Amino acid sequence: MIKKFDEFNSKFKFIFNLDTDTQVARELNIENTSYATMKRHDQIPYDKVIEYCKEKCVDLNWIINIKKNS
């Protein structure tokens, strides 16, 4: 089963040309430990992602459109 967070994380890294979770956390202005906790609990930091994408003028549809697990 693919986690929502993993799908989001992969898309975010691809779109913004990032390689590591540490880079993603830095870009979203989230502590590494907090980001790791979100990953473990499959919780996407929507508020931070929305804010970041607005700043970068990036359409949220592709990042946020996560498939639901059955």
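Read along the sequence, this protein goes α-α-α-α-α. That is five helices and zero strands. Before I go on, please keep in mind that what you see is a predicted model. The radius of gyration is 11 Å, close to the 11 Å that the globule rule gives for 70 residues, so the protein is as compact as a globular protein of that length. The C-alpha trace spans about 35 × 25 × 20 Å along its principal axes.

A few totals next. Of the 70 residues, 31% count as buried. The protein exposes about 5,000 Å², and carbon and sulfur atoms supply 49% of that area. If you take the contacts with a separation of 6 or more, 56% of them come from residues 24 or more positions apart.

Now to helix 1, which covers residues 4-15. Its twelve residues reach 17 Å from the first C-alpha to the last, close to the 16 Å expected at 1.5 Å a residue. Which of its residues are buried? They are F5, E7, F8, N9, K11, F12 and K13. Charged side chains are on that list as well as phenylalanines, as you can see from E7, K11 and K13. As a reminder, an α-helix has 3.6 residues a turn, so residues three or four places apart point the same way. What covers the buried residues of helix 1 includes helix 2 at 21-27, helix 3 at 32-40, helix 4 at 46-56 and helix 5 at 61-64.

Two residues of this helix deserve a word each. F8 lies in helix 1, and at 0% relative accessibility it counts as buried. The C-alpha of F8 is separated by 9.9 Å from that of V49, and the two residues are 41 apart along the chain. N9 is also in helix 1, and it counts as buried at 4% relative accessibility. What does N9 touch, leaving out residues up to four places away in sequence? The answer is D21, V24, Y35 and K39. Just after the helix, N17 takes a positive phi of about 55 degrees.

On to the aromatics. The count comes to six aromatic pairs. Take F16 and Y52: their ring centres are 4.9 Å apart and their planes stand at 80 degrees, so this pair is edge-to-face. The pair links distant parts of the chain, with F16 in the loop between helix 1 and helix 2, Y52 in helix 4, and their positions 36 residues apart. F16 counts as buried at 16% relative accessibility, and Y52 is buried too, at 7%. Both belong to one aromatic cluster, formed by F5, F8, F12, F16, Y35 and Y52. Three of those names, F5, F8 and F12, you have already heard among the buried residues of helix 1.

Last, the cysteines. How many disulfides does the structure hold? Zero. Why is C53 not bonded to C57? The closest cysteine sulfur to that of C53 is the one in C57, and it is 10 Å away, too far for a bond. A disulfide would need the two sulfur atoms within 2.5 Å. Seen from C57, the closest cysteine sulfur is that of C53, again at 10 Å. The surroundings of the two are unlike in one respect: C53 is buried, with a relative accessible area of 0%, whereas C57 counts as exposed at 73%.

Key:
Residues numbered from 1 in each chain as written. Heavy atoms only, no water. Buried < 20%, exposed > 50% of the residue type's maximum accessible area, 1.4 Å probe, protein only. Helix = DSSP H or I, 4+ residues; strand = E, 2+ residues; numbered from the N terminus. Expected span 1.5 Å × (residues − 1). Contact = heavy atoms within 4.5 Å. Phe/Tyr/Trp six-rings, centres within 6.5 Å; stacked < 30°, edge-to-face > 60°. Rg over C-alpha atoms; globule rule 2.2 N^0.38 Å. Areas by Shrake-Rupley, 256 points an atom, 1.4 Å probe, with all protein chains shown as cover.
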